[in-house]
Amino acid sequence: MSARAAAAAFRPAPNGLAGAALLVLGWEAAARAFAGTYLIAGPVDVLAYLSGNGALMARALSETLGNAALGFVAGNCAAILLAAAAQLWPRGRAAIAGLALLVFCLPLVATGPILRVLLGPGPGPQIVLAALAVYYTTFVPLLVGLRAAPASWFDLVRSYGRGPVTELRRVRARAALPYLFAGLQIAAPAAFLGAMVGEFTGAERGMGVLTVRAMRALDVEATWALASVAALVSILAYAGIGALAEMVLRERPPVILSPPGAAGRGAGPARGALVLALAVAAWWIVLEAAGLPTFFAKRPDDFWAAFVTAPDAAAARATLLGALAETAIYVLPGYLAGLLLGAGLAIAILLVPAAAAVALPLAVALRSVPIVTSAPLLVLALGRGAVGTVTLVAIMVFFPSFVACLHGLRQAPGQVLDVFDSYAAGRVARLVHVQVPAMWPAFFAAARMAVPASVLAVTVVEWLATGQGVGSLMALSASLSDYDMLWGSVVAVALLSGAGYVAVGAVERRVLAVYAAEQVAG
Amino acid sequence: MTLGLSISNVSKTFSPAGREPVHALRDVSIEVALGEFVVLLGPSGCGKSTLLFMVAGLESTTGGAIAFDGLEVRAPGPERSLIFQEASLFPWLTVRENVGFGLSIRRVPPGERARRVDELLRRVGLAGAGDRHPSELSGGMRQRAALARALAMDPEVLLMDEPFAALDIQTRARMQDHLLEMWSSTRASVLLVTHSVEEALALADRIVVFTARPGRIKAEIPITAPRPRDPYAPEMVELAKHCSMLLREEVEKSFKEQELL
């Protein structure tokens with residue numbers, strides 16, 4: 001395969017344009033069909049709105065883009081430093097990866113208001129949230145990429161009498177570049193999303209502020225226009241980084257960005273306890289070192305007091321657990337539906353190759369759309385009940401699952417497929433015996449990374465719209481200055497989504513031990 | 001003091017945590033004189049590659065000593081250059097940059113580096129391919145580039161770990177001729193690992209035959225016939241029969257051991 005063809009895999013094929021055109025036409029058709037219901041503003045309405053409010057939109061966009069860009073740089077630099085540290089210090093690898101996961105599981109919507117009090121008005125919280133939204137999806141592929149090289153490359157460097165630092169600088173760093181670019185490609189839309197969530201929680205300017213305003217005013221045109229601009233910007237960022245990768249790289253982008261062994265071996269109870277202890281220590285040390293007052297910067301012991309020893313601890317616990325349970329009821333069905341739909345559609349489309357040629361580039365582009373920005377649209381369309389929330393979670397999970405599964409299905413070993421062809425086996429037999437097993441590693445990698453994403457989606461929609469679950473509890477606590485409850489919900493949600501991630505990882509190891517032993521051995 | 005490479009009573013035992021220790025090599029002694037071409041021949045898993053890595057200084061011994069020109073080998077050194085089974089070129093570097101990689105790590109100035117790299121490329125017959133990337137080369141060309149990269153360090157011993165195993169038979173024969181040409185023009189010593197009797201006979205001044213694990217020296221066979229050698233000459237056929245018989249005994253032994261496990 002030529003280098004050009006390899007690099008081209010970073011960008012959506014021209015077929016994607018046909019898909020996009022279809023999508024826009026369908027959108028306009030739907031808008032006409034539902035005209036008068038105040039649900040859908042079609043592309044024509046959106047353009048009309050944009051031409052009327054161009055200056056406002058441009059100001060908001062430049063504010064949000066600036067914050068997203070700063071967060072993008074900060075988060076990715078942090079990811080690179082963390083990955084380099086984990087590489088140079090193998091014993092610390094498990095602890096670094098565990099902490100990184102826990103921080104990634106912090107619910108952005110609740111971290112936002114806390115950062116708001118800590119950092120004051122201005123762009124601080126938006127930038128931090130953007131950084132938090134991107135660093136993990138760069139860190140994990142980098143951990144893999146830094147080790148994705150044959151042993152002889154390192155033997156060669158050692159044979160010149162050089163050690164791990166030269167090895168990292170001259171070989172690992174370069175070998176990891178395709179992984180870095182793949183991570184950055186996902187990070188660009190995520191940074192935009194992080195900045196917008198930061199603006200939801202009390203900024204003065206930006207796309208997020210306009211979104212909240214438009215939604216409260218039930219301004220359908222504005223809501224659709226904002227979501228369209230956010231989507232377009234994200235797709236452009238995604239494509240731009242893809243183009244850059246194409247210029248720089250000669251290699252094919254990696255398919256599986258987070259194999260199960262990536263963060264270190266297994267998640268034993270001892271390692272989990274160590275990570276938790278480190279997290280508590282870091283929590284306490286950072287707040288103490290910054291000298292923040294305990295009124296709003298709650299320490300671990302405040303948390304313990306509020307939820308275990310205080311007289312009203314039982315009531316606080318009941319409130320928090322009740323809200324968590326409400327949230328879980330929405331997350332689980334949405335998560336499972338999204339995963340299965342993604343895998344199912346990928347499989348179905350493989351049976352009709354012409355459809356795959358159109359759908360894959362489109363799905364790759366849509367994956368880059370910050371789904372959360374479409375939350376207000378779904379609430380408009382489906383109402384504030386369970387259907388809207390579950391649908392949002394499902395959509396959030398669907399795209400990464402679909403894209404990963406399609407890539408995975410195409411990884412099926414050609415020689416095994418040839419054997420099936422030589423027996424004149426049908427498409428279904430090939431699918432069941434060869435392609436679906438080849439899909440599992442990518443499917444599970446997507447399933448694991450989708451856990452925090454679905455928790456983010458559900459808390460955002462609860463925060464913005466539905467008035468239920470832990471997202472709404474966090475919004476309420478923030479507005480009542482009930483910082484005990486706010487910190488408590490952050491801790492609870494982070495633990496819950498961390499636990500979900502680990503649980504999916506455990507299932508994954510069991511399945512892959514049968515279907516893809518090489519993935520687990522890492 | 002002996003000049004050249006001296007391997008005396010070297011043993012290697014791997015002791016993986018929580019498992020039975022594995023004796024890879026036991027009591028191996030080999031002297032390689034300056035400019036001598038020695039081939040290590042043995043069944044897979046007999047520890048011959050491990051020995052090569054110990055000579056390179058990338059693996060420690062658990063017994064005995066390895067010395068070069070009388071100095072004990074404890075770490076890698078520029079006088080010993082390693083060539084791997086796969087060419088192991090960096091795909092993102094051009095052939096020229098790959099060949100100069102070691103020089104650049106050793107901070108040889110760019111001008112000097114370019115001069116030496118061009119000279120090496122010419123010698124291995126890749127003068128026109130300097131600006132290409134490894135993916136644009138054939139397997140044989142890649143292995144030539146790897147040879148040039150190893151020669152760039154001006155080694156006194158070339159350590160080659162089954163360098164031609166991944167090549168097809170025709171390319172392999174050409175690369176063997178090419179290696180002999182290079183070797184005769186540098187007069188570096190060569191220590192080459194293979195499990196191919198034909199390769200050993202075509203190349204070696206002396207063949208060292210290893211036993212199955214734990215690897216010990218089963219026989220040393222000097223070959224005095226001048227190169228290029230005719231593999232069908234009666235004395236070469238005799239040698240080939242002899243080597244094949246020695247090797248077959250060991251291969252059968254290691255098969256039996258595997259089936260017992």
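**Exercise 1. A covered helix in chain A**

Which residues in α11(A) are buried? Work on the predicted model shown above.

*Solution.*
Step 1. Locate the helix. Helix α11 of chain A spans residues 207–216.
Step 2. List the buried positions. They are A:Met207, A:Gly208, A:Val209, A:Leu210, A:Thr211, A:Val212, A:Ala214 and A:Met215.
Step 3. Judge the helix as a whole. With 8 of its 10 residues buried, α11(A) is mostly covered.
Step 4. Find what covers those residues. The buried residues of α11(A) pack against α4 (54–88), α10 (177–200), α12 (220–248), α17 (375–382) and α20 (427–466) of chain A.
Step 5. Look past the end of the helix. A:Leu218 follows α11(A) and has a positive phi, near 50°.

**Exercise 2. Two helices that cross**

Describe how α6(A) packs on α22(A), from axis geometry to side chains.

*Solution.*
Step 1. Take the axes. Helix α6 (residues 108–119) and helix α22 (residues 483–515) of chain A pack at about 135°, and their axes are 9 Å apart.
Step 2. Classify the angle. Because it lies outside the ranges under 35, 65 to 115 and over 145 degrees, α6(A) is oblique to α22(A).
Step 3. Assign the hand. The crossing of α6(A) and α22(A) is left-handed.
Step 4. Name the residues in contact. From α6(A) come A:Ala110, A:Thr111, A:Pro113, A:Ile114 and A:Val117. They meet A:Tyr483, A:Leu486, A:Trp487 and A:Val490 in α22(A).
Step 5. Sort the contact by residue class. The residues of the contact of α6(A) with α22(A) comprise 8 nonpolar, 1 polar and no charged.

**Exercise 3. A leucine and its contacts**

Is A:Leu50 buried, partly exposed or exposed? Then find its contacts outside the local sequence.

*Solution.*
Step 1. Place the residue. A:Leu50 sits in helix α3 (residues 43–52) of chain A.
Step 2. Apply the cut-offs. Buried means under 20% relative accessible area, and exposed means over 50%. A:Leu50 has 23% relative accessibility, so A:Leu50 counts as partly exposed.
Step 3. List the contacts, leaving aside neighbours within four places in sequence. A:Leu50 touches A:Met57, A:Ala225 and A:Val229.
Step 4. Check a sequence-distant pair. A:Leu50 and A:Glu221 are 171 residues apart in sequence, while their C-alpha atoms are 9.1 Å apart in space.

**Exercise 4. A sheet in chain B**

In what order do the strands of the open sheet lie? Add the pairing details and the helix that lies across.

*Solution.*
Step 1. Start with β1 (residues 5–14) and β2 (residues 22–32) of chain B. These strands run antiparallel, joined by 7 bridges. B:Phe14 has B:Val22 as its bridge partner in β2(B).
Step 2. Turn to the other partner of β1(B). Strand β4 (residues 63–68) of chain B pairs with β1(B) in the antiparallel sense over 5 bridges. Here B:Ile7 stands opposite B:Ile66.
Step 3. Assemble the order. In chain B, 4 strands form an open sheet, β2-β1-β4-β5, with antiparallel pairing.
Step 4. Mark the edges. β2 and β5 (71–72) of chain B each pair on one side only.
Step 5. Add the helix. Helix α1 (residues 48–56) of chain B lies across β1, β2 and β4, and runs at about 120° to β1(B).

**Exercise 5. A hairpin and unusual backbone**

Trace the hairpin of β9(B) and β10(B), then find the cis peptide bonds and positive phi values listed below.

*Solution.*
Step 1. Pair the strands. β9 (residues 206–210) and β10 (residues 217–222) of chain B are antiparallel, with 5 bridges. B:Phe210 has B:Ile217 as bridge partner.
Step 2. Inspect the connection. The hairpin has 6 residues between its strands. B:Pro214 lies in that loop between β9 and β10, and the bond from B:Arg213 to B:Pro214 is cis, with omega near -5°.
Step 3. Go on along chain B. A cis bond with omega of about -5° joins B:Arg227 and B:Pro228. B:Pro228 is in the loop between β10 and α8 (234–260).
Step 4. Recall the background. Most peptide bonds are trans, and most residues other than glycine have a negative phi.
Step 5. Set two positive phi values side by side.

- A:Ser481: phi of about 55°; loop between α21 (469–479) and α22 of chain A; partly exposed at 35%.
- B:Glu162: phi near 40°; loop between β7 (157–161) and α6 (169–186) of chain B; buried at 11%.

Note on methods: Residues are numbered from 1 along each chain as its sequence is written. Chains are lettered from A and ligands numbered from 1 in the order in which they are written. This is a predicted model: local features need pLDDT of at least 70, side-chain atom pairs count only at pLDDT 80 or more; totals for chains, interfaces and linings use all residues. Side-chain values use heavy atoms; hydrogens and water are left out. Axes are lines fitted to C-alpha atoms, for helices over the stretch in contact, and angles run from 0 to 180 degrees between N-to-C directions. A crossing is left-handed if the near helix is turned anticlockwise from the far one by less than a right angle, and right-handed if clockwise. Contact means heavy atoms within 4.5 Å. Ala, Val, Leu, Ile, Met, Phe, Trp, Tyr, Cys and Pro count as nonpolar, Asp, Glu, Lys and Arg as charged, and the others, Gly among them, as polar. Two strands pair if DSSP finds at least two bridges between them. Buried means under 20% relative accessible area, exposed over 50%, partly exposed in between (1.4 Å probe, protein chains only).
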